[in-house]
Structures are given as C-alpha cells and as structure tokens.
Amino acid sequence: MKVASVLIPLPVPEAFDYVAPEGMTLARGDQVAVPLGPRLIRGVVAEVFETTGSNRRLKSVESRLDDPALPAGVMDFVEWAGRWTLSPPGEMAATALKGLRAPRPRPERRVRRVGDRQPARATPARTGVLEALGERSMAGADLARAAGVSSGVVKGLIDEGVLEIIEIAAEAAFDRPDPDHAPATLNGDQAAAAAALADGVTGGGFRPFLLDGVTGSGKTEAYLEAIARVLRADPAAQILILLPEIALTQALIERITARFGAAPAEWHSGVAPPRRRQVWEAVVAGRCNIVVGARSALFLPFVDLRLIVVDEEHDSSFKQEEGLVYHGRDLAVARARIEKAAVVLASATPSLETLWNAQAGRYGWLKLGARHGVAVMPDIELLDLRQHTPDPQTWLSQPLRLVVGETLARGEQTLLFLNRRGYAPVVLCRVCGHRLTAPDTDSWLVEHRYTGRLVCHLTGFSMARPKLCPSCGAEDSLVSVGPGVERVEEEVRQLFPEARTAVFSSDTAPDAKSARALIQRMTDGEIDILVATQAAAKGHNFPRLTLVGVVDADLGLRGGDLRAAERTYQLLAQATGRAGRADRPGRAILQTWTPEHPVLQALAAGDRDAFVEAEMAEREAAALPPFGRLAAIILSSENAAAVEKVAADLAQAIPNAERLEVYGPADAPLALVRGRRRKRLLVRADRDVNLQAFLRAWLTRVKIPASVRLTVDVDPYSF
Ligand code: ADP
C-alpha cells in the first residue's frame with residue numbers, strides 16, 4: 001500500500017498520513033485535498049512511501065488538485081524553517097500557498113471581428129469602428145473611444161453578429177528584463193563588487209556575501225549590475241530582492257524598470273490578493289524573473305532562484321514576531337543554501353551577526369569605499385544639551401535652531417529626526433501623578449494631537465483625551481510630557497512660520513501610497529522641514545536635503561536591551577546618512593545629554609569599526625549573540641494563574657544540558673497585552689549547542705492547557 005505524508009495547516013509538529021489510492025500518482029510537493037474530520041482540507045504531499053502494514057486505519061487522499069506542485073526548493077525550505085523556528089511545518093507550507101488563496105482576477109472581455117462579416121447598414125460611425133479595430137481584439141469601451149463613437153455603436157455591431165465578445169484569461173504577463181536596456185557606468189569599487197557577485201551566482205552553489213558601503217555608495221547600483229550579468233548568462237534566472245519596508249518598494253521598482261525596461265513583480269501585504277495570485281502563478285511557472293518583496297516573498301515557489309538580495313539587512317523589520325516567528329534575513333540565507341544560490345546582504349550598517357560571519361570569512365565581503373560622485377558623507381556634530389538646554393517645553397536648542405534657519409535661508413531641506421510617533425509619549429496628572437495607561441495593556445497612552453486621541457501603540461486602542469483625571473478626578477490637571485514628532489513640528493511652525501513643514505510617521509503615511517506621496521513632495525522640494533520618525537530615515541534619497549537634526553540622540557540608548565546600542569547606531573547612521581546625498585555637502589547635528597557615550601562618539605567620528613569592535617567585545621564577554629545563541633519562550637493567557645502554572649512547570653522540567661542556561665520565568669517586557677498576562681523564559685546557549693533539540697525535548701515534557709498560548713522565538717531580536 002502507498003501512503004502519502006501530507007502537510008496540513010494545523011499547529012502540530014508532524015505530517016498526517018493518508019492512503020494514496022490506486023491509480024493516483026502522487027509526489028512530493030503535490031497539492032491534495034484530504035479529509036480531516038468531516039471536512040476536506042488542502043494539504044501538500046511531503047513524502048510518499050510504500051508500507052506493508054495493513055492494520056493501519058488510514059483515510060485516503062480525496063484528490064490531487066490541479067494547482068501547481070510546490071517545487072523541491074520550497075518544500076525543503078518550509079520543512080527546514082519549521083524545524084529551525086519550531087513552527088508547525090504544515091503552517092509553514094500554508095504560508096507558501098498563500099498566494100493561491102485569492103480568486104483569479106476576472107477575465108478581460110474584449111471584442112473582435114467575426115470573420116469578414118459586414119454590417120447590414122454601413123454608417124460612417126460603424127465603418128469607423130471596424131477600421132479602428134482592424135484584426136485586433138479590444139475592450140469595447142476602448143474601441144468606442146478610439147473610433148470616437150458612443151458605446152451603443154459597438155453594441156449594435158455585436159448584436160448584429162459583426163463583432164463578438166471573447167474572454168481573455170487575465171494571466172499576468174511579465175516582460176523579460178533586458179540586461180542591456182539602460183546599462184550604468186560603475187565606479188571601480190562598484191564594478192568589482194558586481195563582478196564578484198555575478199561570478200558567485202554563475203559559479204553555482206551556495207554563496208553568501210555582505211555588500212558593505214555607506215549610504216549613497218551605490219550598493220543598489222552594484223547589485224543591479226550583478227543581476228544584469230546573471231540575466232545575460234541565464235535569461236531564465238530568478239532573483240528575489242527583499243526590502244524591510246513596503247514604503248521603499250516603489251522607488252526600487254522604478255529604478256529596476258528604468259534599468260531593465262521591464263517592471264519586476266511586487267509581493268507584500270499591500271498588493272491586492274488577485275494580483276498576488278498572478279505573481280505566485282508566474283513565479284512557479286518561471287514566467288517572472290525579478291520579484292521585489294517583503295520577507296514573506298521568501299516562501300514564493302521559485303523554480304530557478306539564483307540570487308537573493310536582502311537590502312538594509314540590519315533592519316529589525318525583517319523579524320516577524322506575530323504568527324510565525326522568524327527572521328527574514330536568516331531565512332533568506334537558509335533558502336539560498338537550500339537552492340544552492342547566492343545571497344547578498346546589503347547595508348551601510350550591517351548587523352553584528354553578519355559582520356561576524358564576514359570577519360570569519362564565511363561570507364564574501366564586498367566593500368564600497370565612498371559615496372558615488374561628488375557626494376560626501378555628512379559632517380556629524382554632537383550638541384551637548386547640558387550646555388545648550390532648550391527652553392522649557394521646547395525641544396530644539398539654540399544652535400540647532402540657528403542652523404535650521406540658515407538651511408532654510410539657502411533654500412535647502414532639513415530633516416528633524418525623532419523616533420517617536422504622536423504629540424507626547426506620556427500624559428500625566430499634575431495633581432496625583434497618575435500616568436494614563438491603556439485599560440488592558442501595560443503601556444502608556446500616547447497623545448496624538450492631529451486626531452485628538454490618546455493611543456496605545458501596541459494594540460491600537462484609543463480614547464478621547466479625558467477632561468478629568470481618571471484616577472483622582474481632578475479637573476484640567478492632565479499635562480503632556482515630552483515630545484513626539486507632532487510636537488516638534490508645532491515648535492518648528494512657531495519658529496519658522498514661513499517654512500513648509502510636514503510630519504512623516506506611520507500615522508501621516510500609514511500605507512505605501514501616502515508614503516510615496518510624501519516622499520514625492522520631499523523630492524520635488526515642496527517641503528522645507530520634515531519632522532520624521534524612522535519611517536523616513538531609511539533608504540530614501542532626497543537630493544536637496546542638507547541638514548539632519550536628531551532631536552534626542554539618547555532615546556534608544558536607554559533601557560537594557562541586548563541590541564540597544566547596535567540599533568541606535570544603525571538608526572542614527574541611517575538618519576544622518578540622508579543628508580548631502582547629491583552635490584551639496586550635508587551636515588548632521590545630534591542633540592544629546594551624553595555626548596561621551598561610545599555609540600555617539602563613534603558616530604561623530606564616522607568610525608564604525610570602533611563601535612563594532614567595542615560592541616563585539618561586550619557581546620563576547622557575555623557570550624551573547626553572535627557569540628552565543630538565544631531563544632525566548634513566551635507564555636500568555638487571559639488566565640494569570642494558568643500562565644504562572646505553566647511557567648512553573650516549565651521551570652521544573654528543564655532537561656539537563658551543558659553550556660546552556662535558562663533564565664526566568666519572569667514577567668515578559670510587555671507583561672500585559674490585550675488583557676493577556678505574559679511570562680517569559682529565556683535560554684542562552686553556546687553556539688555549538690543544538691538549541692532546537694533542547695527546546696523540543698523540553699517542551700514535550702510539559703502539558704500546555706488550551707487557555708495558554710506558547711510562542712517560541714528562536715534568535716529573538718530584542719530581549
Ligand atoms: P546605496 O544603495 O548604497 O544607498 P545607491 O545605489 O542608491 O546607493 O546610489 C546612491 C545615488 O548615487 C543614487 O542616486 C545613484 O543613482 C547614484 N549612483 C551610484 N552609483 C552610480 C554610478 N555608478 N553612476 C551613476 N550614478 C550612480
């Protein structure tokens with residue numbers, strides 16, 4: 001008897017076995033319908049094997065579906081990713097099928113001639129229609145417009161049988177990119193990097209690279225040239241480019257279209273589902289060469305994937321923490337390994353993990369020296385707020401105001417960077433000291449003036465600003481403490497009433513379209529002073545921007561997070577890197593209370609190596625990543641006692657292991673979210689310990705009641 005192991009989207013660690021009926025040929029990757037309880041459910045065949053045991057009461061596969069089979073590379077990838085992240089492989093496989101869940105776009109209706117039939121009565125309007133149409137097929141409305149007649153004329157010809165309606169399946173056509181459409185002339189470093197990359201791809205086998213160069217050095221230019229070479233060598237090659245933010249995709253898509261004369265496919269949550277289905281089908285059929293997407297594009301069914309680019313590889317947005325927990329950059333490297341493809345991680349401020357791999361020679365290290373052309377790196381100055389304290393209830397110091405004024409007078413643009421949405425991060429009562437928090441979540445409510453509401457940034461809960469203190473009932477006692485971007489903009493408008501200002505955050509640019517509009521206004525010089533969170537700090541190119549003012553350079557340095565220093569360094573380097581990207585030199589001013597902080601010192605000196613060396617030494621001393629490995633186990637439930645119990649049970653059941661420690665249980669950093677209590681256990685292990693095996697052994701020892709949710713986060717980004 002033949003049995004098929006089928007991956008189905010359920011939170012279980014194994015595939016389900018079904019009998020493969022006589023006459024149904026099944027293979028790994030095939031999509032099937034299988035019975036589950038009273039329902040039929042879509043699954044993917046992981047394995048087909050022969051068995052003699054007839055005592056097994058297995059159900060049979062109902063049918064093999066017509067949908068394309070998942071290629072071997074994706075199958076290996078979802079299984080590997082399931083094991084690595086301790087996620088159910090069936091749910092991983094379901095992620096790879098997501099593109100199929102949408103209906104196909106409706107077929108397009110067009111009209112065409114029926115043979116050489118002539119209209120009974122040939123009016124000038126009718127003759128005009130037939131001439132405009134010729135031998136082609138066209139949408140009826142387009143035809144009427146082309147002939148300059150009303151749609152009734154076209155309809156009349158259809159009714160008479162001179163024209164007929166045909167339906168054309170809306171199969172997306174992706175033009176083949178032309179590597180020689182608009183070639184670029186690269187500088188020496190860029191050309192060397194592109195050649196090394198392209199050789200890595202065409203040489204075959206798994207080849208990881210770090211593409212390391214300051215913002216504006218031409219990393220994008222270099223990998224586009226590498227793609228051109230790959231396509232010249234193999235026109236069927238598929239290339240995936242991952243970006244951390246949807247807002248960055250449009251600019252890259254335009255650049256790729258200009259370079260190759262054909263638009264790449266786009267894949268992220270902002271793409272309409274029917275379109276995603278078209279992309280999915282084009283990718284699996286090999287009809288699409290270049291995909292630009294978010295981390296979920298890693299699960300697309302490429303058939304000939306040769307190169308993956310992870311742009312801004314250090315960016316924490318690559319980490320997915322809801323649903324399946326994984327790091328897009330790490331999974332990109334894994335997918336490349338499985339596909340025997342090349343992968344290039346590009347950044348001006350690479351993650352310590354990636355630098356560590358490059359230093360050890362595991363990754364090819366491609367360095368771009370300076371900014372391209374005449375652009376130079378901005379001058380970075382630290383502004384000691386102890387000597388230049390802003391007036392009460394203002395946030396910009398006198399020297400910074402002065403420079404903003406000068407920049408404005410020269411007709412150049414300023415970016416004021418503050419990584420805090422809204423108006424004020426905290427609202428408190430002057431009388432009793434109460435800080436307003438969300439009702440079911442451990443987080444302070446952030447005041448938003450544009451919408452007039454207090455908002456929980458974790459859950460989206462919001463309420464009107466109350467008149468009375470909710471704690472002591474005092475009247476008019478609530479004060480807004482500290483600045484967010486809206487408040488800084490308020491100050492800027494008072495200081496420079498003639499300046500055109502705007503705020504750029506996920507509130508003012510909640511989707512790709514509005515982000516694009518803001519970026520365009522900035523590029524067109526319609527904004528003088530942009531007050532922005534990290535939404536605008538990444539990747540964008542604003543040629544007229546010459547001044548970046550960092551309102552609070554100390555912001556990310558507080559708190560004991562593992563990556564606080566690394567993340568702050570990256571964010572501030574990115575933000576200050578927006579200045580002076582074209583022919584005018586740039587300048588960056590960082591307001592700080594701690595100018596002696598090593599992160600800020602390294603930034604001011606432009607000495608990334610000094611920062612990396614110091615940070616590596618600290619991590620090594622503590623055996624933390626990249627020198628050790630971490631995993632977090634998060635327990636959450638509306639039932640606080642149940643969480644406590646499971647946490648205690650887990651603490652009791654820790655298997656013996658060497659070179660590995662378990663910390664906790666303790667309250668998770670967010671101890672209450674949407675009414676759920678959260679506890680955390682943290683595992684640290686030496687690099688050569690099989691962390692996944694330990695976790696699997698541990699977690700099977702404890703019974704988890706249905707009321708408690710357990711999430712495993714392997715390689716957590718923050719802790
Ligand atoms: P990065 O990706 O490192 O930030 P980009 O590739 O975006 O850098 O290049 C920065 C700017 O310099 C872009 O406007 C780009 O078009 C321009 N540029 C870079 N290299 C070249 C080149 N070789 N020829 C022409 N323009 C270039």
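C456 is buried, with 22 other C-beta atoms within 10 Å of its own. The model that shows this is a predicted one. C456 lies in the loop that connects strand 21 (453–455) to strand 22. Leaving aside residues up to four places away in sequence, C456 is in contact with A438, T441, S443, L445 and F461. UniProt, in an unreviewed entry, lists C456 under "binding site".

Strand 22 (462–464) also leads into another loop, the one that ends at strand 23 (478–481) and holds D476. D476 is not a glycine, yet its phi is positive, near 50°. Is D476 buried or exposed? D476 has 10 C-beta neighbours inside 10 Å, and because 12 or fewer counts as exposed, D476 falls in the exposed class. C456, with its 22 neighbours, is by contrast buried.

The next part to look at is a sheet. Six strands make up an open sheet, and their order across it is 17-27-26-18-25-24. The pairing in this sheet is parallel. Strand 17 (379–384) and strand 24 (501–504) are at the edges; each has a single partner strand, and therefore one side of each has no neighbour in the sheet. From one strand to the next, the twist averages 20°.

At one of these edges, strand 24 is joined to strand 25 (residues 529–532) by 4 bridges, and the two strands run parallel. Within this pair, A502 has L530 of strand 25 as its bridge partner. Helix 12 (residues 398–409) packs on the sheet. The strands that helix 12 touches are strand 17, strand 18 (413–417), strand 25, strand 26 (545–550) and strand 27 (587–592). The direction of helix 12 makes about 160° with that of strand 26. Helix 16 (residues 598–605) lies across strand 17 and strand 27, and it runs at about 145° to strand 17.

A further open sheet is built from 5 strands in the order 2-1-4-3-5. Here the pairing is antiparallel. Which strands stand at its edges? They are strand 2 (16–19) and strand 5 (63–64), each of which pairs on one side only. Strand 5 is joined to strand 3 (residues 31–36) by 2 bridges, and these two strands run antiparallel. One of the residues involved is A33, whose bridge partner in strand 5 is S63.

Some details of the backbone remain. The loop between helix 17 (608–621) and strand 28 (628–637) contains P626. The peptide bond from P625 to P626 is cis, with omega near 5°. A623 sits in the loop between helix 17 and strand 28 as well. A623 has a positive phi of about 55°, although it is not a glycine. How many other C-beta atoms lie within 10 Å of A623? There are 15, so A623 is partly exposed; the cut-offs are 20 or more for a buried residue and 12 or fewer for an exposed one.

Another cis peptide bond runs from G664 to P665, with omega near 5°. P665 belongs to strand 29 (residues 660–673), whereas P626 is placed in a loop.

Methods
Residues are numbered from 1 along each chain as its sequence is written. This is a predicted model: local features need pLDDT of at least 70, side-chain atom pairs count only at pLDDT 80 or more; totals for chains, interfaces and linings use all residues. Two strands pair if DSSP finds at least two bridges between them. Axes are lines fitted to C-alpha atoms, for helices over the stretch in contact, and angles run from 0 to 180 degrees between N-to-C directions. Two residues are in contact if their C-beta atoms, placed from the backbone, lie within 7 Å. UniProt positions are given in the numbering used here, feature names are shortened, and annotations may be inferred rather than shown by experiment.
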